[in-house]
Structures are given as C-alpha cells and as structure tokens.
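This report describes how the chains of one assembly are arranged and how selected helices and residues are placed within it. The sequence and structure are shown first.

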4 protein chains.
Amino acid sequence: MTEHDRAATVPSFPTSIGISDPDTITVLGQDLAADLMGNVGFTELAMWLVTQQRPTAGQVRVLEAVLVALADHGFTPTAIASRLTYLSAPDSVQGALAAGLLGGGSRFLGVTEDTALFLSRALAEGPEPADDASFDALALAAVQRARAERRLVPGLGHHLHKVTDPRTPKLLAIADREGLRGPHLRLFEAIGRVHPQVLGRTLPLNGAGTCGAALADLGLPPDLLRGFALLARTAGLLGQLAEERRRPIAMDIFQTVEQHARYVEPGQ
Amino acid sequence: MTEHDRAATVPSFPTSIGISDPDTITVLGQDLAADLMGNVGFTELAMWLVTQQRPTAGQVRVLEAVLVALADHGFTPTAIASRLTYLSAPDSVQGALAAGLLGGGSRFLGVTEDTALFLSRALAEGPEPADDASFDALALAAVQRARAERRLVPGLGHHLHKVTDPRTPKLLAIADREGLRGPHLRLFEAIGRVHPQVLGRTLPLNGAGTCGAALADLGLPPDLLRGFALLARTAGLLGQLAEERRRPIAMDIFQTVEQHARYVEPGQ
Amino acid sequence: MTEHDRAATVPSFPTSIGISDPDTITVLGQDLAADLMGNVGFTELAMWLVTQQRPTAGQVRVLEAVLVALADHGFTPTAIASRLTYLSAPDSVQGALAAGLLGGGSRFLGVTEDTALFLSRALAEGPEPADDASFDALALAAVQRARAERRLVPGLGHHLHKVTDPRTPKLLAIADREGLRGPHLRLFEAIGRVHPQVLGRTLPLNGAGTCGAALADLGLPPDLLRGFALLARTAGLLGQLAEERRRPIAMDIFQTVEQHARYVEPGQ
Amino acid sequence: MTEHDRAATVPSFPTSIGISDPDTITVLGQDLAADLMGNVGFTELAMWLVTQQRPTAGQVRVLEAVLVALADHGFTPTAIASRLTYLSAPDSVQGALAAGLLGGGSRFLGVTEDTALFLSRALAEGPEPADDASFDALALAAVQRARAERRLVPGLGHHLHKVTDPRTPKLLAIADREGLRGPHLRLFEAIGRVHPQVLGRTLPLNGAGTCGAALADLGLPPDLLRGFALLARTAGLLGQLAEERRRPIAMDIFQTVEQHARYVEPGQ
C-alpha cells in the first residue's frame with residue numbers, strides 16, 4: 001500500500017457541536033455570536049449540548065434548580081481532595097478541579113444517576129402508570145424486588161436528614177409548576193409512600209435522588225446524568241478553591257492527619 | 001504528649017460555603033431549598049460561590065455570555081482527549097471529563113486568564129485612565145514593553161479568525177449594555193487600536209482574551225479566571241461525550257493515528 | 001459539646017506504610033535510607049507496598065516481566081490522550097500523565113484485572129485441580145457458563161495477534177522457571193486448550209490476560225491488579241511524553257481531526 | 001479541495017516506542033517478548049523509554065535508589081487526596097491514582113525538578129568545575145544570586161529533618177560507588193558547604209533535591225524529572241490504596257473535617 005493509499009483511508013469525523021470559519025463560529029447549528037451569546041443562558045446551552053435539541057424554558061428552570069441543589073453542601077470528600085491537591089500543586093487549578101471531580105463516582109455523586117436508572121428500569125417494564133395507585137403498585141413491586149435481591153433502593157435515606165431532605169419537596173414543587181413532574185418523579189414519590197410496608201421503617205427521599213428523577217423526566221439519558229452532577233459540582237469546587245485561597249485550611253487538614261497518624265507494624 | 005493532648009490540637013476548619021443540620025441546608029448563608037432553589041440561577045450561584053457576594057443581575061448576564069462563548073467550539077485537543085478516554089474507560093464519565101479538563105492549562109484555555117493578568121498588571125501601575133486617549137497611552141506602553149521583553153501580548157490574534165473574532169464585538173456590546181465595560185475591557189480595546197503601530201501588523205482581539213477582560217471587570221480574581229473557562233468547558237465536554245455515545249468517532253481517531261504510525265529506529 | 005470535647009473525638013489514623021522522625025524515615029517497618037535504598041529494587045518495593053510482605057526474588061522477577069510486558073506498545077488511545085493533554089497544558093506533566101492513566105478502565109487496561117477475576121472466581125468454586133485434566137474440566141465449565149450468559153471470556157483473542165500473542169509463551173516460561181506457574185496461569189492455559197470446542201474457533205491467550213493470571217498467582221488481590229497495569233503504563237506514558245517533547249506529533253493529530261471534521265446538522 | 005485531496009494531507013506519526021505486527025511486538029527497537037521480558041528490569045525499561053538509549057547497569061542502580069527514596073513517606077496531601085477519592089469512587093482505581101498524582105506539582109513533588117533545574121542552569125554558565133574549590137565558588141555565586149533575587153535555593157531545608165535528611169548521604173554514596181557522582185551532585189554538595197556563609201544558618205540538603213541532582217547526573221532532561229518522581233509516587237499511592245482497602249481511614253478523615261467544620265458568615 002502506498003503512502004497515498006494509506007492517506008486515502010482517513011475517515012471523516014462527524015460532529016454537530018461546533019465548526020468555525022474565518023468569520024463565523026457555529027455551535028449546534030446556531031451562530032454563536034449572533035444567536036447564542038446574550039440570548040441563551042449557560043444552563044440552557046449545557047442541556048442543548050447534551051440533547052442537541054433546544055430545551056424549553058420550563059426544562060431550563062428545572063435544570064437550574066437541580067444544578068443549584070447539587071452544586072455544593074460543604075465539606076465532602078471531593079471538596080477536601082480538591083483543596084489538598086491545590087495545596088500541593090497551586091499552579092494547576094485544572095488539576096485541583098479534576099481531582100475533585102474524580103470522586104464523582106459510585107458512592108458520593110452516584111446517587112443521582114443510580115436513582116434515575118432504578119426508576120427508568122422499573123418504568124420500562126410496562127405501560128406508564130395512569131394514576132397514583134398504579135404508581136404505588138409499580139413502586140411496591142420495585143422495592144420488593146430490590147429487597148429480595150438484597151440491593152438498596154437508591155435515593156432512599158440520608159445520613160443527616162432523617163425525616164425530610166429539604167431539597168426534595170422544593171424540587172417536586174418546581175417540577176410540578178413547570179408541568180415536568182413526570183413518571184420518574186411520580187414513581188419516586190410512590191416509593192416514598194410505599195417503602196415503609198416493605199422495609200419496616202420510613203426513610204426520606206433524598207435530594208440527590210430527587211434530582212436524578214427530575215433530570216430523567218427532562219428526557220436526559222439516565223446513564224449520563226452523573227455528568228450534570230459533575231457540572232454542578234464544578235461550580236462548587238471553584239467556590240471551595242476560591243475559599244482555600246482566601247482562608248486556607250488544607251494545610252491544617254494535612255497536619256491534623258499527620259499528627260494523628262499511628263504507626264502499625266506491617267502484618268498486624 | 002498524651003493521646004488526649006494531641007487530640008486537643010485539632011483546629012477548626014472555617015467555611016462560608018455550606019453547612020447542614022437535620023432540617024436545613026445552608027449555602028452561602030442562604031437556605032438552599034427555601035431561598036436558592038427556584039430563585040437563583042446556576043450561573044449566578046457559581047459566581048456567588050467564588051466571590052461570596054451575591055452578583056447583580058447585570059453581572060450574571062455578562063457571565064452567562066462569557067460561559068456560552070467559552071463552552072465549546074468543536075474539536076479541540078481537550079475534546080479529543082476526553083473522547084479517547086471515554087473510549088478506553090466508558091464506565092467512568094468523571095474520568096473522561098477530568099481528562100478533558102486537564103488540558104485547560106497554559107496553551108489552550110490559558111488565554112482567558114493570561115489576558116486578564118496582563119491587563120490587570122498594566123492597570124495596577126497607575127490611576128485608572130480617564131478617557132480613551134489615556135487608555136491608548138497605557139496600552140501603547142504595555143505593548144511596547146511586551147515587545148521589548150519578547151513576550152506575546154495575550155489575547156491578540158487567532159489562528160482562524162484573522163480579521164475579527166465574532167465573539168469580541170458581541171461581548172463588548174453586552175458588557176456595555178450592562179454598564180460593565182470597565183477598565184480591563186477598555187484597555188483591551190485600546191490594545192486593539194494601538195498595537196499595529198508597535199507590531200507592524202493588525203491582529204484581532206480574540207474571544208477568549210475578551211472573555212478574560214470581561215471577567216476581570218466583573219471583579220473576579222485574575223488568577224482564578226481559568227476556573228470559569230473550565231466550568232464553561234465542562235458543559236462542552238458533556239456535549240462531546242453525549243455525542244460520542246450517539247455517534248462515536250474516538251475509535252476512528254485512534255485507528256487513524258495507528259494506521260499512519262511510522263516506526264523510526266531509536267536515536268534517529 | 002465544648003470545643004475541647006469535640007477535639008477529643010478525633011480518631012487516630014493507622015498506617016504501616018511510612019513514618020518519619022527527625023533522623024529516620026521508616027517505610028514498611030524498614031529504615032528507608034539504611035535498609036531499602038541500594039538494597040531493594042523499585043519493583044520489589046512496589047509489590048511490598050501493596051502486600052505489606054516482602055516478596056521473594058522469584059516473585060519480583062515475574063512482576064518485572066509483567067511490568068515490562070504492559071509498559072507500552074505504541075499508540076494507544078491513552079497515549080494519544082496524554083500527548084494531546086501535554087500539547088494543551090505543557091506546564092503540567094502530572095496532568096498529562098493523569099489524563100493518560102484515566103483511560104485505564106474497563107476496556108483497554110481492564111483485561112488484566114478482568115482475566116484475574118474470571119479465573120479466581122472459577123477457582124473459588126471448588127478445590128484446586130490436581131492435574132491438567134482437572135484444570136481442563138474446570139476451564140470447560142467456566143467457558144460454557146460464560147457463553148450461556150453471553151459474556152466474553154476475558155483474555156481470549158487479540159485484534160492484531162490472531163494466532164499467538166508473543167508475550168504469552170514468554171511469561172508462562174518465566175513463571176514456570178520461578179516455580180510460580182500457579183493455578184491461575186494453569187487454568188488460563190486450560191482455557192486456551194478447551195475453548196475451541198465451545199466457541200467453535202481458536203483464539204490466542206492474549207498477553208494482558210496472561211499478565212493478570214500471573215499477578216494473581218503472585219498472590220496479589222484480583223481487584224487491585226489494574227493498579228499494576230497502571231504502574232507499568234506510567235512508565236510508558238513518560239516515554240510518550242519524552243518523545244512528544246523531542247519529536248512532537250500531538251498538533252498533527254489535532255489538525256488531522258480538525259481538517260477531517262464534517263459538520264452535521266443537529267438531529268440528523 | 002476534494003475529499004480525496006483533504007485525505008492526502010494526513011501526515012504520518014513517527015514514533016520509536018512501539019509497533020506491532022501479528023507475530024511480533026517491537027519496543028524501542030527490541031523484540032518485547034524475546035529480548036526485553038525476563039532480561040530487562042522495569043526500572044531499566046522506564047529510563048530507556050525516556051532517553052531512548054539503553055541505560056548502563058550503574059545508571060539503573062542509581063535510578064532504583066531514587067525511585068525507592070521517593071515512593072512514599074507516609075501521609076502526604078497527595079496520599080490523603082487519593083484515599084478520599086477512592087472512598088468516593090471505589091469503582092475507579094485509575095481515578096484515585098490520578099487524583100493523587102495531580103498533587104505532584106510545584107510545591108510537594110516539585111523540589112526534585114526544581115533542584116535539578118537550579119543546578120543545571122548554574123552549570124550551564126561556564127565550563128564544568130575541575131575540583132571542589134571550583135564547585136564551591138560556583139555554588140557560592142548561585143546561592144548569592146538566589147538570595148539577591150529573593151528566591152529560595154531549592155533542595156535546601158526540610159520541615160522535619162532539621163540536621164540531616166538520611167536519604168542524602170545514602171544516595172551520594174550509591175552514586176559515588178557507581179561512578180555517577182557527577183557535576184549536579186557535586187554542585188549540590190558544594191551548596192551544602194557554602195550556603196551558611198550567605199544565609200547565616202545551616203540547612204540540610206533534602207532527599208528530594210538530592211534525587212533531582214542524581215537524576216540530572218544520569219543525563220535525564222531536568223524539565224521532565226518530575227515524571228520520575230510521579231512514577232515513584234504511583235507505587236506509593238498503590239500502597240496507600242491497598243492499605244485503604246485493608247484498613248480504611250478516609251471516612252474517618254472526612255468525618256474529622258466535617259465535625260470540626262466551623263461555619264462563618266460570608267464576607268467575614
């Protein structure tokens with residue numbers, strides 16, 4: 001095969017996101033400067049980029065509320081990891097942000113995605129329930145199956161908010177007002193009603209799980225919801241790093257760990 | 001020192017970002033559910049988290065335009081790196097996002113921050129210029145000094161938009177409309193006017209640099225502006241990953257490189 | 001609760017890895033300067049750090065061979081992602097390395113770990129086979145079950161080495177010479193013998209899978225083997241970055257993708 | 001330009017690292033299975049990958065000692081960040097490793113590289129000193145200039161080892177034994193002798209700095225030395241993660257921070 005033949009095998013790389021020429025930048029089929037800047041909000045663009053369809057105003061309002069709900073709530077392991085990384089490598093803000101986002105996996109940020117997946121799988125098994133009683137029946141079956149398989153029901157319970165996670169009723173009200181309290185949120189509410197009769201105790205619907213249900217009702221793909229939790233958290237981590245610059249604590253955290261280290265002989 | 005004495009040395013870790021009790025989540029001194037969700041946009045919260053002061057509506061509108069301008073513009077090295085990482089590790093969306101953000105360093109995303117630093121240093125050397133002529137004089141001195149020190153003037157020139165970067169006039173108009181065309185933007189415009197007499201050719205003010213000047217005029221710390229470029233880019237990378245799932249190209253990119261690899265003996 | 005009481009709740013943080021005082025650094029119970037430096041190799045220390053038991057000379061020789069086998073084999077998606085990240089952020093070598101490692105997930109580097117897990121689960125179901133015939137029977141059952149569950153048998157097949165992956169016989173010979181051709185390697189070899197009668201075609205045992213089996217026979221925990229593949233790859237990525245500095249190609253890769261981009265209207 | 005013309009512009013991508021065909025894997029011009037596995041150690045291969053020249057046995061022994069010296073020394077901010085990331089995302093070992101490496105920047109791991117750069121710049125200003133007296137003169141000039149420019153001399157001083165860092169004399173002895181106590185190490189030793197007359201106090205040569213000088217004497221490029229510190233640290237982080245699985249402490253660290261959080265009103 002000659003050099004020229006080899007070159008001829010190069011495929012084209014299709015994209016609908018962006019393309020530029022000397023005078024224009026096109027993003028999602030729109031003129032970035034003329035049509036998007038000043039006319040479209042950042043949250044709206046974020047959803048548009050993922051779905052490649054322009055969201056409605058109501059969808060944007062629900063997504064804004066979800067991103068606000070998930071942005072930050074104090075010292076999490078990811079916030080601490082990001083501050084410690086910034087302490088070690090203050091020249092690389094991108095590294096400190098990335099280190100914080102890398103904690104966005106199965107345990108801490110995963111609830112949002114796990115809840116949406118749990119709900120969408122339950123909904124996929126039959127026609128959409130027509131009323132609350134039908135949602136309750138579907139919820140009961142889903143919770144019973146999870147229990148039989150010794151799996152947790154994602155989105156249920158919170159280590160601190162034992163009775164009510166305050167984000168949950170607020171997000172439900174916002175989605176309802178926008179006409180976006182769809183099957184995922186309704187099934188999640190049904191789980192909130194029926195789970196005590198299976199689990200023998202009453203747990204709150206947590207905010208991260210409610211956010212997952214709300215995002216699924218926006219039509220976002222359940223297995224990419226983690227990405228929106230990470231987008232929200234990026235803003236939170238920026239706040240953590242700005243505060244770390246203003247009033248540093250990472251060195252104190254490190255020294256606290258170092259001072260309370262206890263050496264144990266290997267193998268003990 | 002006894003165990004108890006050691007324990008007593010643990011410091012407290014101050015934060016103004018977030019704290020929770022069983023019934024309430026407080027973020028930035030506000031009740032998250034009652035006061036922020038549904039009332040405050042995500043962009044507004046992002047700026048509030050960084051400055052710890054509530055931004056004005058005009059500041060939020062300028063920041064929205066900046067984030068929209070920077071979110072994505074097609075295949076960048078960071079977008080490609082993120083897609084390739086997703087190809088290799090599709091189970092870890094956070095890893096693919098982080099890999100994309102890690103390219104947000106000195107060369108590609110750095111222009112925003114570099115421009116703001118260049119402008120703020122020039123402005124720090126004297127009182128704020130009172131009129132366009134004074135801005136021109138300050139700009140001339142700054143460009144001359146950069147040239148004497150053989151440094152590039154950040155924000156000047158673009159590999160594709162040789163005459164005008166379309167984002168620049170649009171962002172200037174938005175900032176002007178909001179009363180936020182401040183000293184950084186005005187000095188940057190002055191650089192646009194005076195640089196040809198020093199450099200001997202006319203270069204456009206690029207969009208990333210204009211964004212940096214606009215962010216500095218919002219009062220954001222120049223050495224943390226990269227963080228806002230990274231926040232914008234997080235949304236862009238989410239779009240890239242969603243598209244990669246819908247219509248994958250990373251395998252084709254990898255195979256193109258592999259097929260055009262040319263082995264060279266070491267030491268040649 | 002008073003400040004003092006709160007402080008008193010701080011736990012101690014046990015570790016056997018390292019501790020220092022003004023005159024001595026202790027690592028794994030050894031004096032780092034007096035006992036480890038100059039006496040213990042880096043590969044030996046890496047295994048010791050993970051198992052917290054000093055490996056034998058034979059174990060170290062097998063591990064050296066595995067790390068050499070996995071370090072690099074040309075342009076992989078992770079190598080390309082690392083080079084592109086270095087192009088964008090040349091000030092942050094750690095970011096470029098991290099971006100490359102983040103591709104070490106389920107698809108590309110995962111084979112090593114997946115193979116070890118597959119083998120160890122099959123071995124866990126009964127007593128260790130006593131002879132090749134018993135290994136063949138166990139292998140046959142494992143391959144049949146995988147096929148019935150429509151799962152791939154990890155470690156079987158290679159996109160390029162269709163007949164023999166040259167690393168496989170070499171690693172088997174090294175492990176055999178060191179008396180470390182244990183049950184995982186023997187079961188993997190048995191899979192190589194019996195799979196054609198289930199799958200209807202003959203596939204090679206690939207090198208990454210053989211490495212996983214060899215590491216499991218060293219007594220390393222199957223679900224942490226990915227870590228050794230990542231250690232090996234760190235050296236490979238260093239080589240890629242050193243070469244990128246000497247003879248850069250990342251810009252050419254980026255421009256190839258950019259020039260072959262094809263814009264598609266969203267929704268098509 | 002036609003599609004075919006565009007394709008014809010694809011460049012080739014040269015590399016000397018690796019290439020494969022169905023029967024052979026070639027790494028650095030060697031047959032991986034036949035010539036490298038079992039014959040070449042991992043440390044040797046790592047240096048070969050970076051320099052693309054086979055190192056001598058003495059060079060490998062010095063590099064082994066450096067990697068052992070830098071692998072781990074207990075709870076560092078990067079070790080803690082890695083453990084916290086593993087706590088949040090235990091499904092992604094690569095993410096936890098990457099988070100730990102991202103702290104390998106200017107402050108913590110940077111000393112190795114900074115010291116090598118400082119020494120190589122001083123050496124570049126004239127012919128190599130012929131004897132200890134000439135090294136002392138060069139060292140004196142370098143320390144005086146750093147002090148005049150209010151810059152720290154990298155590699156001097158340690159927060160814990162106030163008199164002697166035990167790694168320093170050991171590494172000097174190893175390099176000397178191998179005939180590799182070259183100009184960087186000799187200049188660093190001279191700095192150890194002369195700095196008190198400039199700084200007015202006696203500081204130890206720290207181990208990380210000595211490692212940087214030793215790596216520079218191996219002929220490694222000063223601005224890539226950070227990469228070897230990161231390779232060493234990868235093994236240390238693997239040890240930290242293995243211990244975190246065996247005897248977890250990250251949750252205790254997180255809860256210690258959470259319990260000692262002190263909320264401060266924004267703006268105070």
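Chain A is superposed on chain D, with an RMSD of 0.0 Å, by a rotation of 180 degrees with 0.0 Å of shift along its axis. The model in which this relation appears is a predicted one. Both copies use the same surface, since 100% of the contact residues of chain A recur in chain D.

The contact between these chains takes 35 residues from chain A and 35 residues from chain D. On the side of chain A that touches chain D, at least two residues each are supplied by helix H1 (3-8), helix H5 (77-88), helix H6 (93-101) and helix H13 (250-259) of chain A. The largest share, 8 residues, comes from H5(A). By class, this side of chain A divides into 20 nonpolar, 12 polar and 3 charged residues.

Chain A can also be laid on chain B, again by a turn of 180 degrees and a shift of 0.0 Å along the axis, with an RMSD of 0.0 Å. These two copies are thus related as by a two-fold rotation axis. Within chain A, the C-alpha nearest the axis belongs to A:Ala98 and lies 2.4 Å from it. Here, too, the same surface serves both copies, as 100% of the contact residues of chain A recur in chain B.

The contact of this pair takes 79 residues from chain A and 79 residues from chain B. Helix H12 (residues 225-246) of chain A gives the most to the side of chain A that touches chain B, with 13 residues. That side has 44 nonpolar, 24 polar and 11 charged residues.

The two sides of chain A are set out below.

| Side of chain A | Nonpolar | Polar | Charged |
|---|---|---|---|
| Touching chain D | 20 residues | 12 residues | 3 residues |
| Touching chain B | 44 residues | 24 residues | 11 residues |

Helix H12 is also found in a contact between chains C and D. Helix H12 (residues 225-246) of chain C and helix H12 (residues 225-246) of chain D pack at an angle of about 170 degrees, with their axes 10 Å apart. Angles over 145 degrees count as roughly antiparallel, and H12(C) and H12(D) are therefore roughly antiparallel to each other. From H12(C), the contact is made by C:Gly227, C:Leu230, C:Leu231, C:Thr234, C:Ala235, C:Leu238 and C:Leu241. From H12(D), it is made by D:Gly227, D:Leu230, D:Leu231, D:Thr234, D:Ala235, D:Leu238 and D:Leu241. The contact of H12(C) with H12(D) has 10 nonpolar, 4 polar and no charged residues.

A further helix pair lies within chain A. Helix H7 (residues 110-123) of chain A and helix H11 (residues 207-217) of chain A have axes 7 Å apart and pack at an angle of about 55 degrees. That angle makes H7(A) oblique to H11(A). The crossing of these two helices, H7(A) and H11(A), is right-handed. Among the residues that make the contact are A:Val111, A:Thr115 and A:Leu119 of H7(A), together with A:Ala208, A:Cys211 and A:Leu215 of H11(A). The residues of the contact divide into 8 nonpolar, 5 polar and 1 charged.

Three individual residues may also be considered. A:Ala46 lies in helix H3 (residues 42-51) of chain A. Is A:Ala46 buried or exposed? A residue counts as buried if 20 or more other C-beta atoms lie within 10 Å of its own, and A:Ala46, with 27 C-beta neighbours inside 10 Å, therefore counts as buried. Leaving aside neighbours within four places in sequence, A:Ala46 is in contact with A:Leu231, B:Ala235 and B:Leu238. By contrast, A:Ala46 and A:Leu138 are 33 Å apart in space, C-alpha to C-alpha, and 92 residues apart in sequence.

The remaining two residues concern backbone angles. Most residues other than glycine have a negative phi. B:Gln52, however, has a phi near 60 degrees, a positive value. B:Gln52 is found in the loop between helix H3 (42-51) and helix H4 (57-70) of chain B, and is buried, with 20 other C-beta atoms within 10 Å. For C:Arg150, phi is positive as well, near 55 degrees. C:Arg150 has its place in the loop between helix H8 (132-148) and helix H9 (167-177) of chain C. With 6 other C-beta atoms within 10 Å, C:Arg150 is exposed.

Conventions: Residues numbered from 1 in each chain as written. Chains lettered and ligands numbered in written order. Predicted model: local features only at pLDDT ≥ 70, side-chain atom pairs only at ≥ 80, totals over all residues. Axes fitted to C-alpha atoms, helices over the stretch in contact; angles between N-to-C directions. Helix = DSSP H or I, 4+ residues; strand = E, 2+ residues; numbered from the N terminus. Parallel < 35°, antiparallel > 145°, perpendicular 65-115°, else oblique. Left-handed = near helix turned anticlockwise from the far one by under 90°. Contact = placed C-beta atoms within 7 Å. Nonpolar A, V, L, I, M, F, W, Y, C, P; charged D, E, K, R; others polar. Least-squares fit on C-alpha atoms with pLDDT ≥ 70 in both. Buried ≥ 20, exposed ≤ 12 C-beta atoms within 10 Å, placed from the backbone.
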